[in-house]
Amino acid sequence: MAKIRKLSALALISALALSATGCAAGADGGQDSGGTLTYWSMWKEGEAQQKVLAAAIADFTAETGITVDVQWQGRDSVKKVVPTLNTNNVPDLIDSSFAKLAPVLATSGQARELTEAYAPDVDGEKISDLIPDAYLADTDITREGEEVPWMLPYTLTSDAIWFNAATHPELESAPPKDWNAFLAELDTLKAANEVPLAIDGDVSGYNAYWYTAALVHIAGPGAMKKIADDHSGKAWEGADAVKAAEAVQQLVDGGYFISGYNASKWPAQQQAWADNQAALLYNGTWIPTETASYAASDFQYSSFPFPTIDGDKQFSRADFIGFAVPVKAKNAENAQRFASFFLGKKYQDALGTDAKILPVRADAATSPEVASVKRALEEADAFYVQNDGITLPGYAEKLLYPTIDQLVQGKLSAADFIAAMASGQADYWKQNS
């Protein structure tokens, strides 16, 4: 927790330093400076999240005189930024998930320190106090070897096993708590001629949820990251990694996944789930918003956490989506001012109620559709992040995801998966040491 305390201290020092020179500005007001900034956003035009950001941009410009040249790039925004990083045409501000930003910006030293973003008060509070300490324990948003933040989170993503409470009220009142109870529930659903699990098997990130969550619930947060750091690759042969692979194989061998999941194209299977053609869907907190347009009439979104496997501790994924500023940004100060501005409660509330996602601020409003996930986060014993915190460049895309894909799609057994990861990791480190 030393990292968290130092982050808070840094924000306090920065605030004092900036206010002493009369330059502090943020959601509580400040000097109108004018100017511009270029912002490449991960959201697409028309999305609920985009509409909240667009409203904030309009307010920000009205308050500060700063013009925001925003490009709604969509989920490939970070990929599009990469070719610009060593040019003079890099955007001033970008946003994405921690898992996407960290390998590209933080690990490579391409992220600017955000002391100015953390400096202002927002709604009378320090920004560092608005980000719950518990979520920072296993997510390092500081630059390597320094206690300087490179990311300012504005929303959380988590995952859950989603279901329609209107058709399965029993899951609302008595969800399965552990792995054996979960498998028993899947068998019950099969016996009732229901498809237990929907999954879009062509989405590597969704496949990876299953293995990562299984390993974390066996060995604890950070276990997979520790395995990935082993240059020999032999750490994959440990009992915990094997047991997690066997858990995933149980799902494949049990025939619990929807027919055709390993050959379909997203979003076919989540559409099928939202149309009550499958009972359960393990996916992220964006699912209520993403599936609302084609969900069955009177669909009642609810969820339960991934079941425990070893022991009784409940671990929840708590990932940040937030802002970062490239080192070569020409308008870095203006970019950081907007990042601070967007943590205002007005916009955090809108993310919760209008976009129906989880704001990073604990005091922000949330929608009924994600209330079950928020409750699970509040009750969790600890947290982990996507890919359990692995940010090694190219590791997920070239090794982890393709190999987990084959495990979930039934193309590799648990034993073959472990062998492939061990040998593949050894090769990875030979090429990257």
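This section walks through the main pocket, two buried glutamines, the salt bridges and the aromatic pairs of a predicted model.

The largest pocket is a good place to start, with a volume of about 1600 Å³. Its lining is made up of 48 residues, and those nearest the centre are Met42, Arg75, Asp76, Lys100 and Val203. By residue class, the lining of this pocket comprises 23 nonpolar, 16 polar and 9 charged residues. Several secondary-structure elements supply at least two lining residues each, including helix H2, helix H3 (77-81), strand E3 (93-97) and helix H4 (98-106). Strand E6 (152-157), helix H10 (204-219), helix H14 (287-291) and helix H18 (395-408) likewise each supply at least two.

Helix H2, one of the elements that line the pocket, spans residues 48-64 and holds Gln50. The relative accessible area of Gln50 is 7%, so this residue counts as buried, the limit being under 20%. Beyond its neighbours within four places in sequence, Gln50 is in contact with Trp43, Lys44, Glu45 and Trp72. A second glutamine, Gln269, sits in helix H13 (residues 268-274). Gln269 is buried as well, with a relative accessible area of 7%. With residues up to four places away in sequence left out, Gln269 touches Ala198, Ile199, Asp200, Ile258, Ser259, Gly260, Tyr261 and Ser264.

Turning to charged side chains, the model contains 11 salt bridges. One of them joins Asp121 to Lys126, with the closest N and O atoms 3.1 Å apart. Both ends of this bridge are partly exposed: Asp121 has a relative accessibility of 31%, and Lys126 has 24%. Another bridge brings together Asp349 and Lys345, at 2.9 Å from N to O. These two residues lie in helix H16 (residues 345-353), 4 residues apart, or about one turn of the helix. Here the partners fall into separate classes, because Asp349 is buried at 19%, under the 20% limit, whereas Lys345 is partly exposed at 28%. A further salt bridge links Arg361 and Asp363, with 2.8 Å between N and O. Arg361 is buried, with a relative accessible area of 3%, while Asp363 is partly exposed at 38%. Through shared partners, salt bridges join Asp123, Arg361 and Asp363 into one network.

Aromatic rings give a count of 35 pairs. In one of these, the ring centres of Trp210 and Phe257 are 6.1 Å apart and the planes meet at 75 degrees, so the pair is edge-to-face. Trp210 belongs to helix H10 and Phe257 to the loop between helix H12 (239-253) and H13, so the pair ties together parts that are 47 residues apart in sequence. Both Trp210 and Phe257 are buried. Trp236 and Phe417 also form an edge-to-face pair, with 6.0 Å from centre to centre and 85 degrees between the planes. This contact links distant parts of the chain, 181 residues apart: Trp236 is in the loop between helix H11 (223-228) and H12, and Phe417 is in helix H19 (residues 414-432). Trp236 is buried at 0% relative accessible area, and Phe417 is buried at 0% too.

Trp210 and Phe257 reappear in one aromatic cluster, together with Phe163, Trp179, Phe182, Tyr206, Tyr209, Tyr261, Tyr282, Trp286, Phe304 and Phe306. Tyr261 from this cluster is also among the residues that Gln269 touches.

Key: Residues numbered from 1 in each chain as written. Predicted model: local features only at pLDDT ≥ 70, side-chain atom pairs only at ≥ 80, totals over all residues. Heavy atoms only, no water. Buried < 20%, exposed > 50% of the residue type's maximum accessible area, 1.4 Å probe, protein only. Contact = heavy atoms within 4.5 Å. 1 Å grid on protein atoms, 1.4 Å probe; cavity = no way out; pocket = protein on both sides within 12 Å on 5 of 7 lines; lining within 4 Å. Points joined across faces, edges and corners; volume = space filled by probe spheres on them. Nonpolar A, V, L, I, M, F, W, Y, C, P; charged D, E, K, R; others polar. Salt bridge = Lys/Arg side-chain N within 4 Å of Asp/Glu carboxyl O. Phe/Tyr/Trp six-rings, centres within 6.5 Å; stacked < 30°, edge-to-face > 60°.
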